[in-house]
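Here is a walk through one protein model. Have the sequence and the coordinates open as you read.

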Amino acid sequence: MTTEASTLQHLREELATAHRQRQQVADTLTDRLCGDAADQAEGVERVNELRRLDLRIAQLERLLVDATRADPGEAGSLPFGTRLVLRFADGDTERVHLAPVPATSATGTAITRDSPLAQALLGRSVGDTVTWSTPAGELRAELLELHLP
């Protein structure tokens, strides 16, 4: 299974789990809003948990929609699964691939399509130097390899 496919599967599984957890919390909520102060406090905690789960569900759904767009190579973005190798000024090289969520693994670094590096790569070819902004300042690297999926 490719890294992108396993990432998508993980997102789908997490979304299903979040939906199940939300349903479990919602099922126990109504009987906690009435009663003594302890029951009401527990009810408030459950409402807060519902809000947290709703936010996470919305975030996961957005990630999945972005990751499974009908045209992942649409203008202004690189398709998921694009792999590249960069060489920095100090001679270090780094393997990078585009994925639905950023991550670091033994096979390299995963970046998202909307990352500053991915945006800097648009329209570039092997041998080009790309520059992008990071919290630590601007970085510059030579594009050694670019493999579209």
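At 18% relative accessibility, Thr-109 is classed as buried, because buried means under 20% relative accessible area, exposed over 50% and partly exposed in between (1.4 Å probe, protein chains only). The model is predicted: local features need pLDDT of at least 70, side-chain atom pairs count only at pLDDT 80 or more, and totals for chains, interfaces and linings use all residues. Residues are numbered from 1 along each chain as its sequence is written, and side-chain values use heavy atoms, with hydrogens and water left out.

Thr-109 sits in strand β4 (residues 108-111). Helices (H or I, at least four residues) and strands (E, at least two) are DSSP runs, numbered from the N terminus. What does Thr-109 contact, leaving aside neighbours within four places in sequence? The partners are Glu-94, Arg-95, Val-96, His-97, Ala-103 and Thr-104, where contact means heavy atoms within 4.5 Å.

Now the largest nonpolar core. Such a core is a set of buried Ala, Val, Leu, Ile, Met, Phe, Trp, Tyr and Cys residues joined through side-chain atoms within 4.5 Å. This one has 15 residues. Leu-84, Leu-86, Leu-117, Leu-121, Val-130 and Trp-132 touch the most other members. Two or more residues each come from β1 (83-88), β2 (93-98), α3 (116-121), β5 (129-134) and β6 (137-147). With four residues, α3 gives the most. Another core, of seven residues, lies apart from it and includes Leu-8, Ile-57, Leu-60 and Leu-64.

Finally, turn to helix α2 (residues 37-67), which holds Gln-40. Gln-40 is partly exposed, at 40% relative accessible area. Gln-40 and Leu-29 are 11 residues apart in sequence and 9.8 Å apart in space, C-alpha to C-alpha.
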